[in-house]
Amino acid sequence: MMATTAAGSGAGICACGAARTVAVLAGDGIGPEVTAQAVRVLQLAAGLAGVRLTLSPGLIGGQAIDACGEPLPAATLDLCLGADACLLGAVGGPAWDGLAPARRPEAGLLALRKGMGLYANIRPVACHPALAASSPLRPDLVAGADLVVYRELGGGIYYGQPRFTETLPDGGGERAVDTMVYTTPEIERLARLGFAAARSRRGRLTSVDKANVLDCSRLWRRTVQQVAAEYPDVHVDHAYVDSCAMAIVAAPRGFDVLVTGNMFGDILSDLAACIAGSLGMLPSASLGERGGLYEPVHGSAPGIAGQDRANPLGAILSAAMLLDLSLGLHQAAQAVRGAVSRALEDGYRTADISSGRAGERLVGTAEMGEAVAERIPAAWNEMGRNQR
Ligand code: IPM
Ligand code: MG
């Protein structure tokens, strides 16, 4: 179900029993709580695979602004560049909303993605059978849905120049400019990852754009069409982002792999979270030529921070992607996913995925992490048996 094929992207893969280093950037809001559970599960699963992890904490976002006046201290970028992989919680919160754009917590995350050269953000979304009733969509619509969004992460309107805000003369208010830019190579490298993933999944790829309006999207569509010729076994279609948004909620089973630009991918992946029951369920991996950054798709949720109410499963499943894609520990990754599945089947629910039905057990962040952790050994043994 997960996008294991992205491993071919160049994320540094090697298990080899050696010690591995993981940078841990817990960040803001619920980041520290969910990351603590992800770390616990990560260490346990890597340990079963005979790999010792060295965890190195680093500051990012509001935490870093408070400690050293900038959202991405140079020491954090160095730490991440030197590690085998990075695990991140979340950035942002109302305390820092008033800062100038370049000093906001989010700017730290964007600079980290850029500094690490990450260009593909992989966001798998599936409906776990135990959670079909927790979705805001009808259970019969979401049952069996399983898709993955390949979001371009290093370009588009997030990074295009010029960008500025200026004051107009004569009381005319202000004028703000952002620029969407894409080049052929940027689109090609993302598209190739998407096609490779489609090949290892159900062989369908949907490229999402706004080619009826935007030049960037016309280039996007042309380029994906050209890359498609290298993958004749993959069925390709092209969708406008607006109608695609509707189709994701109306008929989510119609999607396998989606490839799209930075901003459309940001929006569509939050939307697609309905399928999984909650944004709290979604993991992500960001990959480039080397290294990888793993973070839950949800934000810092300042309203519930520090209350032991956040869902740690998105962070825990991000740790599973880290085991798979950066450490090459596939059995350990599968054990984590299996343990999450077992915890859900046994009725464990944080508030965001609770449907109020009999048999559910409402738990907090730490107890959910515990429920997953204690199911890992059995899941590990089962994976081992299946592989023999
Ligand atoms: C995400 C987030 C980030 C983004 C923010 C926090 C900058 O929404 O990872 O989806 O827009 O990329
Ligand atoms: Mg987002």
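**Exercise 1. Find how strand β5 pairs with strand β10, and place the pair in the sheet.**

Step 1. In this predicted model, strand β5 (residues 146-152) is joined to strand β10 (residues 257-260) by 4 bridges. The two strands run parallel.

Step 2. Take Y150: the residue opposite is V259 in β10.

Step 3. Read the strand order: β2-β1-β3-β12-β11-β4-β5-β10-β8-β9. This is an open sheet of 10 strands with mixed pairing.

Step 4. Look at the edges. β2 (53-57) and β9 (235-240) each have a single partner strand, so one side of each lacks a neighbour in the sheet. From one strand to the next, the twist averages 25°.

**Exercise 2. Determine which strands helices α7 and α8 lie across.**

Step 1. Helix α7 (residues 215-228) lies across β5, β8 (204-209), β9 and β10. Its angle to β8 is about 160°.

Step 2. Helix α8 (residues 241-250) lies across β8, β9 and β10. Its angle to β9 is about 110°.

**Exercise 3. Locate the buried residues of helix α4.**

Step 1. List them for residues 105-115: P105, G108, L109, L112 and R113.

Step 2. Check their directions. They cover an arc of only 135° around the axis, so they lie on the same side of α4.

Step 3. Continue past the helix. G117 follows α4 and has a positive phi, near 70°.

**Exercise 4. Decide whether T179 is buried or exposed, and describe its surroundings.**

Step 1. T179 sits in the loop between β7 (174-177) and α6 (184-200).

Step 2. Its relative accessibility is 18%, so T179 counts as buried; the cut-off is under 20%.

Step 3. The T179 side chain reaches the backbone oxygen of P162 at 2.5 Å.

Step 4. Leaving out residues up to four places away in sequence, T179 touches G156, I157, G160, Q161 and P162.

How values were computed: Residues are numbered from 1 along each chain as its sequence is written. Chains are lettered from A and ligands numbered from 1 in the order in which they are written. This is a predicted model: local features need pLDDT of at least 70, side-chain atom pairs count only at pLDDT 80 or more; totals for chains, interfaces and linings use all residues. Side-chain values use heavy atoms; hydrogens and water are left out. Buried means under 20% relative accessible area, exposed over 50%, partly exposed in between (1.4 Å probe, protein chains only). A polar contact is a pair of N or O atoms within 3.5 Å; within protein, one must be able to donate a hydrogen and the other to accept it, and residues adjacent in sequence count only if both atoms are side-chain atoms. Contact means heavy atoms within 4.5 Å. The arc is that of the directions from the helix axis to the C-beta atoms. Two strands pair if DSSP finds at least two bridges between them. Axes are lines fitted to C-alpha atoms, for helices over the stretch in contact, and angles run from 0 to 180 degrees between N-to-C directions.
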